[in-house]
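User: I should like to learn how the features of a protein model are read. Please give the general idea first and then the case at hand.

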Amino acid sequence: TKCESGCVCADGLYENLDGRCVPAEECPCEYGGLAYGRGEQIQTECEICTCTKGKWKCVQKTRCSSTCNLYGEGHITTFDGQHFVFDGNCEYILAMDGCSVNKPVSSFKIVTENVICGKSGVTCSRSISVYLGNLTIILRDETFAISGENPGVQYKVKKNALHLMFDIIIPGKYNMTLIWNKHMNFFIKISRETQETICGLCGNYNGNMKDDFETRSKYVASNELEFVNSWKENSLCGDVYFVVDPCSKNPYRKAWAEKTCSIINSHVFSACHNKVNRMPYYEACVRDSCGCDIGGDCQCMCDAIAVYAMACLEKGICIDWRTPEFCREF
């Protein structure tokens with residue numbers, strides 16, 4: 001109904017990000033706020049995507065991995081993406097195979113030991129035990145110890161400023177990467193060559209988060225505490241009956257926690273916001289920052305933010321969020 005002055009591209013040409021008119025073959029693709037040219041590729045854990053005529057064309061990888069996160073004061077994201085939190089002063093099985101009730105034959109088992117780390121009763125993962133037949137790896141007190149042997153298992157240990165990493169291969173079964181930040185965060189990244197069932201607090205890794213609360217007795221628990229209690233390594237430990245809310249116990253810390261954790265919701269992580277749901281990570285950050293009330297509060301906050309950054313990285317989005325003034329690398 002009304003003419004407006006301006007420029008348009010000729011038929012068959014399209015405006016690119018520089019404002020030039022180009023043929024469809026030269027159209028860029030967008031991912032995480034960045035532009036990628038024709039033929040450029042990005043990789044996620046399960047896909048390889050190629051930029052073609054301004055759109056991503058994705059191919060599934062033949063071997064797809066998934067990651068379980070244990071972080072902060074009892075937060076877990078399962079292999080299938082279920083989030084929950086628990087406070088338990090015990091040893092719990094994070095992940096293992098050989099989950100048959102009748103004939104449990106396990107080639108690996110990963111156990112976390114929790115200890116009280118705040119006046120309000122919250123717990124932190126402080127010790128991780130990895131059992132690979134007769135080979136045992138213990139992560140504790142910012143270091144590790146290896147004992148025993150298993151000729152059927154290959155492993156490498158790598159270190160950087162922030163993490164200890166273990167690459168473990170059980171030939172014909174699993175490739176695992178274990179990443180520990182030497183404090184409260186622990187990641188289990190696994191790809192498998194068989195359809196062997198996996199079980200534990202990290203869930204059953206079957207692609208369906210709705211049945212992740214499968215107990216040791218092979219039924220789906222009605223709530224996460226019933227599920228958590230079923231995976232105690234030592235049956236003599238007491239059951240968990242409630243989850244502490246540290247911000248209610250320490251209301252004076254809540255405003256500081258919300259302010260410092262708000263970086264997750266800020267422009268710093270904007271490229272990741274539409275790739276990874278940030279709210280569970282923000283809420284976990286606030287909870288942990290309220291709960292670390294006997295020192296180490298900044299460490300708790302930084303660890304929680306780092307977990308969201310890691311989830312972004314797994315989607316191909318690398319966020320440079322640390323600065324000399326904020327959660328600097330040690």
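User: In which strand does Tyr155 lie?

Analyst: Tyr155 lies in strand E16; helices (H or I, at least four residues) and strands (E, at least two) are DSSP runs, numbered from the N terminus. This is a predicted model, in which local features need pLDDT of at least 70 and side-chain atom pairs count only at pLDDT 80 or more, while totals for chains, interfaces and linings use all residues. Residues are numbered from 1 along each chain as its sequence is written, and side-chain values use heavy atoms, with hydrogens and water left out.

User: Is Tyr155 buried, partly exposed or exposed?

Analyst: Buried means under 20% relative accessible area, exposed over 50%, and partly exposed in between (1.4 Å probe, protein chains only). Tyr155 has a relative accessible area of 35% and is therefore partly exposed.

User: Which residues make the nonpolar surface patch with Tyr155?

Analyst: Patches are made of residues with over 30% relative accessible area and no salt bridge; like charges are joined within 9 Å, and nonpolar side chains (Val, Leu, Ile, Met, Phe, Trp, Tyr) within 5 Å. Here Ile146 and Val157 join Tyr155 in a nonpolar patch of about 210 Å². Accessible areas come from the Shrake-Rupley method with a 1.4 Å probe; for residues, only the protein chains shown count as cover.

User: In what order do the strands of the open sheet stand?

Analyst: Strands of a sheet pair through backbone hydrogen bonds, either parallel or antiparallel. Two strands count as paired if DSSP finds at least two bridges between them. In this model, 7 strands form an open sheet with antiparallel pairing, in the order E10-E9-E8-E19-E18-E17-E16. Strand E10 (83-85) and strand E16 (154-159) stand at the edges with a single partner strand each, so one side of each has no neighbour in the sheet. On average, neighbouring strands of this sheet are turned by 15° against each other, direction ignored; the axes are lines fitted to C-alpha atoms, for helices over the stretch in contact, and angles run from 0 to 180 degrees between N-to-C directions.

User: How many bridges join strand E8 to strand E9?

Analyst: Strand E8 (residues 66-71) and strand E9 (residues 75-77) run antiparallel and are joined by 3 bridges. Asn69 stands opposite Thr77 in E9.

User: How many disulfides does the structure have, and which residue is the partner of Cys68?

Analyst: A disulfide is a covalent bond between the sulfur atoms of two cysteines. The criterion is a pair of cysteine sulfur atoms within 2.5 Å, and a search of the whole structure finds 10 disulfides. One of them joins Cys68 to Cys202, with the sulfur atoms 2.0 Å apart. This link is left-handed, with -75° about the S-S bond. Cys68 lies in strand E8 and Cys202 in the loop between strand E20 (198-199) and helix H1 (224-230), so the disulfide ties together parts that are 134 residues apart in sequence. Both Cys68 and Cys202 are buried.

User: Is the disulfide of Cys247 and Cys290 right-handed or left-handed?

Analyst: The torsion about the S-S bond of Cys247 and Cys290 is about 90°, so this disulfide is right-handed. The pair links distant parts of the chain, with Cys247 in helix H2 (residues 246-249) and Cys290 in helix H5 (residues 279-291), 43 residues apart. Cys247 is buried at 9% relative accessibility, and Cys290 is buried at 0%.

User: Which cysteine sulfur is nearest to that of Cys7?

Analyst: The nearest cysteine sulfur is that of Cys21, 8.3 Å away, and Cys7 is in no disulfide. Cys7 is exposed, with a relative accessible area of 81%. Cys27 is likewise in no disulfide, the nearest cysteine sulfur, that of Cys29, being 8.4 Å away. Cys27 counts as buried, at 10% relative accessibility.

User: How many salt bridges does the structure hold?

Analyst: Side chains of opposite charge can pair when their charged atoms come close. A salt bridge is a side-chain nitrogen of Lys or Arg within 4 Å of a carboxyl oxygen of Asp or Glu, and the structure holds 6 of them. Among them is the pair of Lys158 and Asp167, at 2.9 Å from N to O. Lys158 is partly exposed, with a relative accessible area of 40%, and Asp167 is partly exposed, with 23%.
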